[in-house]
Amino acid sequence: MRVLFCGPKLAACGIVLSTWGVVMLGLLGIFFITHSAGLIEDIPLQREDLYPDPNPPQRVYDLYNQVGYNCFIAAAIYVVLGALSCCQMRLNKKKEYLVQ
């Protein structure tokens, strides 16, 4: 059973926002995975992470990878929400067609 819970304008807005979220978070994930130096302020790095570790760059690279994977997970959630918005758009079109 298909449930219609949002209108056509909200569904269209969801598609647009989901598309932008997938593109932005996908690119951010790629840049984090490639250890972009410009994003070093965005990793959760603490002073304690560097000093007791005999190989500090590896800990920083692990944090970059962790944040990159989190970006990919968020992009996947945006894909699901975009698909849900697309289904709502189709149901709205079907409802509009049946009413006429």
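**Notes on a three-helix chain**

1. Let's start with charge. The protein chain carries 8 positive and 7 negative side chains, and the centres of these two sets are 27 Å apart. Here Lys and Arg count as positive and Asp and Glu as negative, while His and the chain ends are not counted. Each charge is placed at NZ of Lys, CZ of Arg, CG of Asp or CD of Glu.

2. A word on what you are looking at. This is a predicted model, in which local features need pLDDT of at least 70 and side-chain atom pairs count only at pLDDT 80 or more, whereas totals for chains, interfaces and linings use all residues. Residues are numbered from 1 along each chain as its sequence is written, and side-chain values use heavy atoms, with hydrogens and water left out.

3. Now the overall fold. The protein chain has three helices and zero strands, giving the pattern α-α-α along the sequence. Helices (H or I, at least four residues) and strands (E, at least two) are DSSP runs, numbered from the N terminus. Helix H1 spans 8-33 and helix H2 spans 47-50, while helix H3 covers residues 56-99.

4. How does the chain fill space? Its C-alpha atoms occupy a box of roughly 70 × 25 × 15 Å along the principal axes. The radius of gyration is 20 Å, against near 13 Å for a compact globule of 100 residues. That radius is taken over C-alpha atoms, and the globule rule is 2.2 Å times the number of residues to the power 0.38.

5. Next, the surface. The protein chain exposes about 7400 Å², with 66% supplied by carbon and sulfur atoms. Accessible areas come from the Shrake-Rupley method with a 1.4 Å probe, and for residues only the protein chains shown count as cover. Of the 100 residues, 24% are buried. Buried means under 20% relative accessible area, exposed over 50%, and partly exposed in between (1.4 Å probe, protein chains only).

6. Please look at the annotated stretches too. The unreviewed UniProt entry gives "transmembrane region" for residues 12-33 and 67-87; its positions are in the numbering used here, feature names are shortened, and annotations may be inferred rather than shown by experiment. In the model, residues 12-33 are 100% helix and 0% strand, with end C-alpha atoms 31 Å apart. Residues 67-87 are also 100% helix and 0% strand, with end C-alpha atoms 30 Å apart.

7. Which parts of the sequence meet? Among contacts in the protein chain with a separation of 6 or more, 77% join residues 24 or more positions apart. Contact means heavy atoms within 4.5 Å. Leu-25 is a good place to see this: Leu-25 sits in helix H1 and, leaving aside neighbours within four places in sequence, is in contact with Cys-71, Ala-74, Ala-75 and Tyr-78. The C-alpha atoms of Leu-25 and Ala-74 are 7.1 Å apart, although 49 residues separate them along the chain. Leu-25 counts as buried because its relative accessibility is 12%.

8. Try two more pairs. Leu-84, in helix H3, lies 8.6 Å from Ile-15, C-alpha to C-alpha, with their positions 69 residues apart in sequence. Leu-84 counts as partly exposed because its relative accessibility is 39%. Thr-19, in helix H1, has its C-alpha atom 23 Å from that of Asn-65, 46 residues away along the chain. At 45% relative accessibility, Thr-19 is partly exposed.

9. Finally, the loop between H1 and H2. Thr-34 is found there and is exposed, at 53% relative accessible area. Thr-34 is 8.2 Å from Tyr-64, C-alpha to C-alpha, and 30 residues from it in sequence. His-35 belongs to this loop as well and is partly exposed at 27% relative accessibility. The phi of His-35 is near 60 degrees, a positive value in a residue other than glycine. Most residues other than glycine have a negative phi.
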